[in-house]
Amino acid sequence: LSYLERHHEDQKMKAAEFLRMGAEQGYFRPDVNYEIISRIAKASMEYVMKSKMYNDYPLHELFRNVQLMLIRGICTDKGLKIFDEKIAAL
């Protein structure tokens, strides 16, 4: 595998672990298929790059909004409280 392929696989594994732990700890909904969420997140960012949305918006803003949409959508009430506090502090 190339460096980029290894990096993407490593990131995918870290994201899966983050989601698994969040669900176990009650921050994320247990009824969500996290493989689907991961694929949607990847497809969203691929679309951002393919459509060159970065010409209209800063890349960090695009990434933040995609993540807000996806992560906030899988939070439990407990997770939303923490998530919203962290976002407000940024």
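Is Arg72 buried, partly exposed or exposed, and what is its relative accessibility? In this predicted model, Arg72 has a relative accessibility of 38% and therefore counts as partly exposed. The residue is a useful place to begin, and the description below follows it into a salt bridge and a helix contact.

Arg72 forms a salt bridge with Asp84, and the closest N and O atoms of the pair are 2.8 Å apart. Because Arg72 belongs to helix α3 and Asp84 to helix α4, this pair ties together parts that are 12 residues apart in sequence. Asp84 is also partly exposed, since its relative accessible area is 32%, a value that falls between the limits of 20% for buried and 50% for exposed.

The two helices that carry this pair can now be considered as a unit. Helix α3 spans residues 59-74 and helix α4 spans residues 77-89; their axes come within 11 Å and cross at roughly 160 degrees. An angle over 145 degrees counts as roughly antiparallel, and α3 and α4 are therefore roughly antiparallel to each other. Their crossing is left-handed. On the α3 side, the contact is made by Arg64, Leu68, Ile71 and Arg72, while α4 supplies Leu80, Phe83, Asp84 and Ile87. By character, the residues of this contact comprise five nonpolar and three charged ones, with no polar residue. Both partners of the salt bridge between Asp84 and Arg72 thus appear in the list of contact residues.

Salt bridges also occur within a single helix. In total, the count for the model comes to seven salt bridges. One of them joins Asp10 to Lys14, with the closest N and O atoms 3.3 Å apart. Both residues lie in helix α1, which covers residues 3-24, and they are four residues apart, about one turn of the helix. Asp10 is partly exposed, because its relative accessible area is 34%. Lys14, at 49% relative accessibility, likewise counts as partly exposed; the limit above which a residue is called exposed is 50%.

A second pair in helix α1 is formed by Glu17 and Arg20, whose salt bridge has its closest N and O atoms 2.5 Å apart. Because these two residues are three positions apart in the helix, about one helical turn separates them. The relative accessible area of Glu17 is 33%, so this residue is partly exposed, and Arg20 counts as partly exposed at 38% relative accessibility. Salt bridges that share partners join Glu17, Arg20 and Glu24 into one network.

Two further residues illustrate exposed positions elsewhere in the chain. Lys50 is placed in helix α2, which comprises residues 34-50. With a relative accessible area of 73%, Lys50 is exposed. Its C-alpha atom lies 22 Å from that of Arg6, and the two residues are 44 residues apart in sequence. Asn55 is found in the loop between α2 and α3. Asn55 is exposed as well, because its relative accessible area is 56%. Between Asn55 and Ile82, which are 27 residues apart along the chain, the C-alpha separation is 32 Å.

Conventions: Residues are numbered from 1 along each chain as its sequence is written. This is a predicted model: local features need pLDDT of at least 70, side-chain atom pairs count only at pLDDT 80 or more; totals for chains, interfaces and linings use all residues. Side-chain values use heavy atoms; hydrogens and water are left out. Axes are lines fitted to C-alpha atoms, for helices over the stretch in contact, and angles run from 0 to 180 degrees between N-to-C directions. Angles under 35 degrees count as roughly parallel, over 145 as roughly antiparallel, 65 to 115 as roughly perpendicular and the rest as oblique. A crossing is left-handed if the near helix is turned anticlockwise from the far one by less than a right angle, and right-handed if clockwise. Contact means heavy atoms within 4.5 Å. Ala, Val, Leu, Ile, Met, Phe, Trp, Tyr, Cys and Pro count as nonpolar, Asp, Glu, Lys and Arg as charged, and the others, Gly among them, as polar. Buried means under 20% relative accessible area, exposed over 50%, partly exposed in between (1.4 Å probe, protein chains only). A salt bridge is a side-chain nitrogen of Lys or Arg within 4 Å of a carboxyl oxygen of Asp or Glu.
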